[in-house]
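Subject: Structure for your review

Hello,

Here is the structure we spoke about. Please look through it before reading the notes underneath.

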Amino acid sequence: MQDKIPQYVIEVILKLEANGFEAFVVGGCVRDLLLGKEPKDWDVATLAKPDEIVDIFPDSVYENEFGTVGIKIKEGEETIDMVEITTYRIESKYTDKRHPDEVKFAKTLEEDLSRRDFTINSLALKLQKKSEYAIVDLFSGQGDLKNKIIRAVGKADDRFNEDALRMMRAIRFAVQLNFSIEEKTLEAIRKNAKNLKYISVERIKDELEKIILSTAPAKGVELLHETGLLQYIIPEIEVGVDVTQSHHHYYGPYNTVYKHLVASLEKCPSDKLEVRLAALLHDVGKPKTKRGEGENATFYNHEYAGAKIAERILERLKFSRKVIDRVVLLVKNHMFYYNVDEVGEAGVRRVVRKVGLENINDLIDVRIADRLGSGVPKAVPYKLRHFKFMVEKVSSDAVSVKQLKINGNDLMKELKLAPGPKIGAILDVLLSEVIENSELNEKEKLLERAAELEKREIGEIRGIAKKKIKEENEREEEYMKKKYWVE
Ligand code: ATP
Ligand code: MG
């Protein structure tokens, strides 16, 4: 196994030892090595103090007051990795449930390992001569690794009281590694869940993101819910716990909005963060828009209400604008209507215009998640496959003014139009007509039609475009009346 440790990590340790300081590979990387996974980052714990480390490694960066020094690993001019060296430390009282009141350097590895969160994260590896190593395992971390158990080091209750984020970390590791959380540890999470409110939203978001991107994100959300943590992260999802949707499309176990959302996340075919978040949030607007009960319940416009709620949730959690915008787009459009023979190429072009060609596959994935999360067995129904085929077919057709075969300059040159709002109005009408019939997107035809339009008042031209929009809205309403479909 030692041959899995990069040479530069070994050299860092040997150099510390040569200077008279003991040093160990510690934490998550030892866990990952023992699991046969490739560690993401390398952490070294040592008796050396930060200033001593800096003396030994002149090219290092002392990052913070917590005793961690980053060593830049260079290949020529380029930094290829960082090895984080942390001085042994113990933590004193945590009055605020997130930061120790002070960080004290410790004298022994034992002290350092006992302040770590979980037994599987408190293993250390000592290099021996001749490419051998020894594992320091004070808390039966190896046994828990073997039995796939997340267990707090020491008394779970105390550990979660010190740093409430550890509760989310427990769940995060459980779903990343497919481990279960030991009973006392789980009990202590339930007991201390309310302390999550002391934790900064940035740290919460990082853990949530890891849970969502793990191999078992739905199990993660369920654990957050069961332990009482979810109400401090996304209470909007919990609102759906008691909201039933007994429409015949939602089979038994998926008949509440909450269960349907979790099941949709579970079945989400994409591993993209945005798509998974959209699967989890796509119906978050349902509780608010529900009218009536039982078979006759309706959720009109829940996708628009949901898009707004999703935006608020993700803004509060400080996701990037890019992530937020994409999730909102997917939630807002997840009800797009498609039916073979009923919606033609023009209808598909309208969906593409609204969503963007680059997002269509993600939208289809949300729809697949939605469908499977309602309990229907078949993965990709004929209808969605056909929709994909149609998108492909119209993929080079114009859905924006930019894609028209003429532009404002052409109009000014060929029709001697003066610059002004009339040009924009004409292009809008041309686009709406090209979306209806892509064969019209030829320079000659467009100019001919533009010449006709140009003779009219601008108000009249805008009226033509408006009428098109009105027709579209009516068609959408027609689709909405058909109710939500999933087959
Ligand atoms: P990964 O990097 O794969 O997310 P990791 O276990 O390496 O997982 P880090 O956050 O990088 O997690 O932390 C490195 C080590 O520091 C952990 O393995 C653990 O020993 C310790 N540690 C990190 N955060 C905490 C915490 N909040 N409380 C106690 N110990 C912690
Ligand atoms: Mg790490």
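The notes below go from the whole chain to single residues.

**Overall form**

Please keep in mind that this is a predicted model. The secondary structure of the protein chain consists of 23 helices and eleven strands. With 487 residues, the chain would have a radius of gyration of 23 Å by the globule rule; the value found is 29 Å, well over that, so the chain is more spread out than a compact globule. Taken along the principal axes, the box filled by the C-alpha atoms is roughly 90 × 60 × 40 Å. Of the 487 residues, 51% are buried.

**Salt bridges**

Side chains of opposite charge can pair when their charged atoms come close. Searching the whole structure gives 39 salt bridges. Three of them are described here, followed by a network.

Asp144 pairs with Arg151, and their closest N and O atoms are 2.9 Å apart. The two partners fall into separate accessibility classes: Asp144 has a relative accessible area of 4% and is therefore buried, the cut-off being under 20%, whereas Arg151, at 30%, counts as partly exposed.

Glu460 and Arg456 form another salt bridge, with an N to O distance of 3.5 Å. Glu460 is partly exposed at 44% relative accessible area, and Arg456 is also partly exposed, at 28%.

The third pair is Glu471 and Lys467, whose closest N and O atoms are 3.8 Å apart. Both residues belong to helix H23, which covers residues 458–481, and they are four residues apart, about one turn of the helix. Glu471 has a relative accessible area of 35% and is partly exposed. Lys467 counts as exposed because its relative accessibility is 55% and the class begins over 50%.

Beyond these pairs, Asp117, Arg169, Arg172 and Glu207 are joined into one network by salt bridges that share partners.

**Positive patch**

Which residues form the positive surface patch? They are Lys288, Lys308, Arg312 and Lys332. Patch members must have over 30% relative accessible area and no salt bridge. Two of these residues can be placed in more detail.

Arg312 is part of helix H15, residues 302–316. Its relative accessibility of 52% makes Arg312 exposed.

Lys332 sits in helix H16 and counts as partly exposed, with 38% relative accessibility. The C-alpha atom of Lys332 is 5.1 Å from that of Ala307, although the two residues are 25 positions apart along the chain.

**Backbone: positive phi**

Two residues that are not glycine have a positive phi and may be worth a look when you check the backbone. For Asn178, phi is near 60°. Asn178 belongs to the loop that runs between helix H7 (165–177) and strand E11 (180–181).

For Asp341, phi is about 75°. This residue is in the loop between helix H16 (321–332) and helix H17 (345–355). Asp341 is exposed, with a relative accessible area of 78%.

**Other positions**

Asn147 is in helix H5, which comprises residues 141–147. At 53% relative accessibility, Asn147 is classed as exposed. Asn147 and Phe179 are separated by 32 residues in sequence, and their C-alpha atoms are 8.2 Å apart in space.

Is Ile120 buried or exposed? Ile120 counts as buried, because its relative accessibility is 0% and anything under 20% falls in that class. Ile120 is found in the loop between helix H4 (109–114) and strand E8 (124–127). From Ile120 to Pro39 the C-alpha distance is 14 Å, with their positions 81 residues apart in sequence.

Regards

Technical notes:
Residues are numbered from 1 along each chain as its sequence is written. Chains are lettered from A and ligands numbered from 1 in the order in which they are written. This is a predicted model: local features need pLDDT of at least 70, side-chain atom pairs count only at pLDDT 80 or more; totals for chains, interfaces and linings use all residues. Side-chain values use heavy atoms; hydrogens and water are left out. Patches are made of residues with over 30% relative accessible area and no salt bridge: like charges are joined within 9 Å, nonpolar side chains (Val, Leu, Ile, Met, Phe, Trp, Tyr) within 5 Å. Accessible areas come from the Shrake-Rupley method with a 1.4 Å probe; for residues, only the protein chains shown count as cover. A salt bridge is a side-chain nitrogen of Lys or Arg within 4 Å of a carboxyl oxygen of Asp or Glu. Lys and Arg count as positive and Asp and Glu as negative; His and the chain ends are not counted. The place of a charge is taken as NZ of Lys, CZ of Arg, CG of Asp or CD of Glu. Helices (H or I, at least four residues) and strands (E, at least two) are DSSP runs, numbered from the N terminus. Buried means under 20% relative accessible area, exposed over 50%, partly exposed in between (1.4 Å probe, protein chains only). The radius of gyration is taken over C-alpha atoms; the globule rule is 2.2 Å times the number of residues to the power 0.38.
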